[in-house]
Amino acid sequence: MADKIKEFFQKKKLNAKFMNAGKGYKLTDSTSSSARTSTSRPIERVEPTQEVKVAGLATLARLEAKTSNANKCNNSSYAAIKAQVKQELEQEKRKTNEKSEKKTQDTIEDNSVLAVTGVYFRCPYLSNEILSKDEWRKKIKVFLYEQLKGEEAGLTACLVIQSCNTGREKINNCIETLGKYLENIINNPESEKYRKIRTHNRIFQDKVLPIEGALDFLNAAGFRQKKLMNNDVEEDFLVWDPENCNIEDLTMLNEALRSAEPIPLELDRNLQVLLPVAASKRIELPQNFFNLTAEQIKKEQQLRTEDVERNQMLRTKRMREKDAEERHRKYKFSLIRIKFPDDIILQGTFSVNEKYINVVEFVHENLANSERLFCLKRLAGETFNDECFDKTLLELELFPTVLLVFALKGKSEGSSESTRYLKEELLSYVQTF
């Protein structure tokens, strides 16, 4: 893998605290108290009078009646509570089942109208798998952190900085700061002050420490953590030692840091072949086609009425250009559909910043007869000529989803019923629902 890291740079020139409950207490001995029996002879009681017996019986009867009523009341109340609990549990169960069924139905309905399920990429540097961008980011991160343990830790750290962080400005600020640390040593190899980085320094805390791979890079460049006195206070420093990394290697790492780029991903065309009915149903695009969050998309829908009012106003050229720029920024990808004379539709995913010639090449490589000369037209009849080849899909307004018509140049080669335009193996891609 070290060779792979080197090869990558040559082509570019050059990851809860667990609390233990502890031992419990086990009751092994049962404690019991025995009642002491009296050995003394009981005192003989005097027989109560008849009046006292009657009064006692009346009192006992009242007590028994009161106890019976209380038990009856308690039993009745508990039975009511149990019944209510049972009723509520049954209602909750029904609601849960209804929600689950509705969610399943919604999922099926949503998938049935999606033109594509998502945007997918390849990473030839690692494998030929086709994954989403988030899946590739995780896979690349795991790969790079494994390589940090190898021989080319410094070069790998450069790739970690570029590939495992977000926010281009933050990444560039970190690279600039790290490069400055190294250049100070390269230009002043004997100066002690340039060999030390105080880790509590604000610049280090803000620009270096938050970036993944930055500390790994400094370690590969020969810096080691030490405690030094600073203004009569002991503080943490990163100190460069020439025995860990010489000036020549430091220069090479600085060049690698400046020239490194993220591990590239190639957009997969997600090729599909559709029949007309399927194409007419599958028209919605997934969220990752846009530069907008779900909330922003919802807001855009709410502002459509404002667009109507805006179109009724007299607007300057600059105002119209600004609206167009804002519209362009909403989209990252474009779904291009090419309809052939036999009504079969070829579909592919493109970046809005790709050139129109990439669409032409996509069609050409899927034709049964690659020698056929053809052109692509809008439904309105506008033909894209050779001058459009170097223009982006954004410039040609070919986004977010566009249907183009395939047309042969020159003489017709027969009726559309008997002519096969796409390669035979593409028939396995046909979607009819």
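Is Arg137 buried, exposed or partly exposed? Arg137 comes out as partly exposed, with a relative accessible area of 44%. Keep in mind that this is a predicted model.

**Salt bridges**

Arg137 has a partner: its side chain meets that of Asp134 in a salt bridge, 3.6 Å from N to O. Both residues sit in helix H3, which runs over residues 133–147, and they are three residues apart, about one turn of the helix. That spacing makes sense, because an α-helix has 3.6 residues a turn, so residues three or four places apart point the same way.

A search of the whole structure turns up 13 salt bridges. Here are three of them, with their N to O distances.

| Pair | N to O distance |
|---|---|
| Arg137 and Asp134 | 3.6 Å |
| Arg258 and Glu183 | 2.9 Å |
| Arg195 and Glu192 | 4.0 Å |

Take Arg258 and Glu183, whose side chains meet at 2.9 Å. This pair links distant parts of the chain, with Arg258 in helix H8 (residues 247–259), Glu183 in helix H5, and the two positions 75 residues apart. Arg258 is partly exposed at 34% relative accessibility, and Glu183 is partly exposed too, at 26%. The pair also belongs to a network of salt bridges that links Glu176, Glu183 and Arg258.

Then there is Arg195 with Glu192, where the closest N and O atoms are 4.0 Å apart. Arg195 counts as buried, at 15% relative accessibility, whereas Glu192 is exposed, with a relative accessible area of 52%.

**Helix H5 and the largest core**

Which residues touch the most other members of the largest nonpolar core? They are Phe9, Leu178, Phe217, Leu218 and Phe223, in a core of 58 residues. Helix H5, residues 168–187, gives the most to this core, with seven residues.

H5 has a good number of buried positions to look at, including Ile171, Cys174, Ile175, Leu178, Tyr181, Leu182 and Ile185. Polar side chains turn up on the buried list as well, among them Thr177 and Asn184. As for its geometry, the 20 residues of H5 should span 28 Å at 1.5 Å a residue, and the end C-alpha atoms are indeed 28 Å apart, so the two values agree.

Phe217 is a handy place to start browsing this core. Leaving aside neighbours within four places in sequence, Phe217 is in contact with Gly154, Ala157, Cys158, Ile161, Leu178, Leu182, Leu253 and Leu257. Two of those partners, Leu178 and Leu182, are among the buried residues of H5. Another partner, Cys158, is buried with a relative accessible area of 1%.

**A second core, and Tyr356**

Apart from the largest core lies another, of 26 residues, with Leu271, Leu376, Phe406 and Tyr421 among them.

Leu376 is also a contact of Tyr356. Tyr356 is found in helix H13, residues 356–364, and counts as buried at 1% relative accessibility. Not counting residues up to four places away in sequence, Tyr356 touches Leu376, Phe384, Cys388, Phe389, Lys391, Leu393, Leu396 and Leu398. Of these, Cys388 counts as buried, at 10% relative accessibility. Tyr356 and Thr392 are 36 residues apart in sequence, yet their C-alpha atoms are 5.7 Å apart in space.

**Disulfides**

How many disulfides are there? The count comes to zero.

How values were computed. Residues are numbered from 1 along each chain as its sequence is written. This is a predicted model: local features need pLDDT of at least 70, side-chain atom pairs count only at pLDDT 80 or more; totals for chains, interfaces and linings use all residues. Side-chain values use heavy atoms; hydrogens and water are left out. A disulfide is a pair of cysteine sulfur atoms within 2.5 Å. Buried means under 20% relative accessible area, exposed over 50%, partly exposed in between (1.4 Å probe, protein chains only). A nonpolar core is a set of buried Ala, Val, Leu, Ile, Met, Phe, Trp, Tyr and Cys residues joined through side-chain atoms within 4.5 Å. Helices (H or I, at least four residues) and strands (E, at least two) are DSSP runs, numbered from the N terminus. Contact means heavy atoms within 4.5 Å. The expected span of a helix is 1.5 Å times one less than its number of residues.
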